[in-house]
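Please open the model in a viewer and keep the selection panel at hand. The tour below proposes a series of selections, each followed by a short account of what is found there.

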Amino acid sequence: MSVPAIAIRKLVKRFGETAVLQDIDLEIPEGKVSCLIGPSGSGKSTLLRCLAFLEEPTSGMITINGEALGFFEDPTGRRERLPANQIRAVRTKTGMVFQQFNLWPHMTALGNVSEALKLVRKVPKAEAEERAMAQLRKVGLENRAGHYPSQLSGGQQQRVAIARALALEPKIMLFDEPTSALDPELTGEVLNVMRDLASEGMTMVVVTHEIGFAASVGQQISFLDHGRLLFSGPPAEIFAKPRHARLEQFLDTYLDRGASMLA
Amino acid sequence: MMFDPQVIIEKLPEIGSGLFVTLWLWIAGVLGGVVAGFVVATARRFGGKIVNAVLGTIVEMLRGTPFLIQIFLLYYGGPFVGLMLDPIPCGLIGLTVYSAAYYSEVFRAGYASVPVGHVEAAECLGMTRSQTISRIQIPEMALIVLPPSINLAIILLKESAVLSIITVPELTATVSAIGSQQYAFLEAIFILAIVYWVIVELTDRLGRMAENRLSRLRFSKA
């Protein structure tokens with residue numbers, strides 16, 4: 001067995017007294033698309049944010065390609081915070097895409113994508129812009145390179161954000177409800193870019209409400225509810241014969257909504 | 001008795017030297033206050049609870065007491081704790097510290113105006129805190145902090161008149177001394193008001209030009 005792209009062990013996250021994530025154990029295989037689904041408040045976004053180290057786990061350990069993220073915890077539970085430069089190095093192995101895009105408004109699309117190459121990788125300006133351009137081409141926006149975020153549609157902004165996250169050539173891409181802030185007719189262009197990435201063999205972790213996307217592209221589906229991982233497995237297993245009562249109920253609400261839209 | 005500003009205007013060279021002292025103390029005080037205020041706001045934001053509480057208390061003390069009283073305490077009270085300052089250094093320090101307290105609040109609001117997600121995006125890409133501050137947070141807050149910064153600079157110019165009470169040879173001290181000598185106090189005060197007003201107007205124009213330039217550079221509506 002090869003090392004999993006991401007291994008999550010006994011992960012607990014509390015905000016004060018409330019436990020948002022409880023004893024999450026999950027392995028995300030390399031080169032696969034792993035979707036996290038579940039109702040609002042189930043902890044799926046928090047789990048993803050822990051993988052990007054935007055939230056610090058209360059206890060437990062996360063490894064990215066076998067390297068500890070943020071904290072090292074030995075089997076006795078003693079944990080140690082890793083040095084800041086090491087944390088930064090491991091973080092750049094993942095690229096993060098946010099629900100709200102979070103592009104920097106004072107930089108053009110090209111500026112947004114090339115910034116980290118210049119600052120973090122110390123790539124000279126001309127080369128950084130060339131590489132940024134290649135990423136913009138990949139998401140079909142090379143003709144928007146000089147545009148500022150406010151001059152782009154939501155779908156275009158999210159594609160620029162994907163290009164920005166790809167700029168440092170991460171091994172893993174994390175998506176936090178990437179289409180939830182978009183008009184329904186703009187979700188397609190973003191999902192297509194994500195499909196292309198998946199077909200190139202990129203390891204992806206996607207928090208999504210797009211059950212259709214999860215069913216068709218996802219290779220591992222994990223269902224969270226009230227901070228617990230209730231089920232994780234291949235989509236055929238989860239959608240065809242959901243054995244878990246809570247999961248069945250959750251999927252039913254989607255089916256109901258689909259049916260009422262047809263009616 | 002006639003109202004005759006001419007007797008004051010005749011003393012133009014003296015007025016000029018007072019104006020010069022006011023201008024350089026004001027500009028140095030504002031620049032020092034901007035730098036120190038930014039440092040204080042940054043330390044309060046990232047330095048942890050204790051640093052935030054200590055600096056917060058100092059800022060509140062400075063904002064909660066009149067500048068006149070602060071400058072009095074520094075100049076006349078200083079020697080009791082071994083701090084002997086000449087009028088001009090005392091005025092410069094007083095003005096800088098006072099303006100730093102207000103500028104720190106301007107920058108605190110500036111930091112708060114930058115969406116958390118924009119900073120998180122930078123963090124995820126492996127940028128260091130200083131890179132994030134200089135490349136993301138400062139440029140994003142610039143347009144937000146510019147108008148209150150200009151406004152504050154204008155208030156500080158007028159507050160600098162208070163330095164006359166510790167015998168700093170600035171504009172107010174100079175012109176009111178001329179007024180006393182010439183028995184033309186009202187005329188002196190009148191001229192004084194005009195000079196301050198002209199500087200304020202010029203500063204305001206400059207501020208608006210900077211604002212227009214900055215908003216042209218930046219396309220964000222947010």
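The tour goes through chain A, then chain B, and ends where the two chains touch.

**Stop 1: chain A as a whole**

Bear in mind throughout that this is a predicted model. Select chain A and colour it by secondary structure: nine helices and twelve strands should appear. Turned along its principal axes, the C-alpha trace of chain A spans about 55 × 55 × 40 Å. How does the radius of gyration of chain A agree with that of a compact globule? A compact globule with 263 residues would have a value near 18 Å, and chain A has 19 Å, so the two agree. Of the 263 residues in this chain, 45% count as buried. Among contacts in chain A with a separation of 6 or more, 64% are between residues 24 or more positions apart.

**Stop 2: strand β10 of chain A**

Select residues 203-207 of chain A, which form strand β10. Are the residues of this strand mostly covered or uncovered? Strand β10(A) is mostly covered, with five of its five residues buried. In a regular strand, side chains alternate between the two faces of the sheet. In β10(A), A:T203, A:V205 and A:V207 lie on one side, and A:M204 and A:V206 on the other; all of these are buried, so both faces are covered.

**Stop 3: the partners of β10**

Add residues 33-37 of chain A, strand β3, which runs parallel to β10(A) and is joined to it by four bridges. Here A:L36 stands opposite A:V207. Next add residues 172-176 of chain A, strand β9, which pairs with β10(A) in the parallel sense over five bridges. On this strand, A:D176 stands opposite A:V207. To follow the chain from β9(A) to β10(A), show residues 184-199 of chain A: the path passes through this helix, α6, and the β-α-β crossover is right-handed.

**Stop 4: an open sheet in chain A**

Now display strands β2, β1, β4 and β5 of chain A. In that order they make up an open sheet of four strands with antiparallel pairing. Which strands stand at the edges? They are β2 (18-28) and β5 (67-68) of chain A; each has a single partner strand, so one side of each is left without a neighbour in the sheet. Zoom in on strand β4, residues 59-64 of chain A, which two bridges join to β5(A) in an antiparallel arrangement. A:T63 can be found opposite A:A68 of β5(A).

**Stop 5: chain B**

Select chain B. How many helices and strands does it have? Chain B has nine helices and zero strands. Its C-alpha atoms fill a box of roughly 75 × 50 × 25 Å along the principal axes. Buried residues make up 35% of its 222 residues. Of the contacts in chain B with a separation of 6 or more, 77% are between residues 24 or more positions apart.

Then highlight residues 19-204 of chain B, which an unreviewed UniProt entry annotates as "domain: ABC transmembrane type-1". This stretch of chain B is 82% helix and 0% strand, and its end C-alpha atoms are 18 Å apart.

**Stop 6: where the chains touch**

Finally, show both chains together. The contact takes 20 residues from chain A and 18 residues from chain B. On the chain B side, the elements giving two or more residues are α6 (116-124) and α7 (129-159) of chain B. The residues on that side of chain B divide into eight nonpolar, five polar and five charged.

Note on methods: Residues numbered from 1 in each chain as written. Chains lettered and ligands numbered in written order. Predicted model: local features only at pLDDT ≥ 70, side-chain atom pairs only at ≥ 80, totals over all residues. Contact = placed C-beta atoms within 7 Å. Nonpolar A, V, L, I, M, F, W, Y, C, P; charged D, E, K, R; others polar. Pairing = 2+ DSSP bridges. Rg over C-alpha atoms; globule rule 2.2 N^0.38 Å. Buried ≥ 20, exposed ≤ 12 C-beta atoms within 10 Å, placed from the backbone. UniProt positions renumbered as here; feature names shortened; annotations may be inferred. Right-handed = clockwise from strand over helix to strand, strands pointing away.
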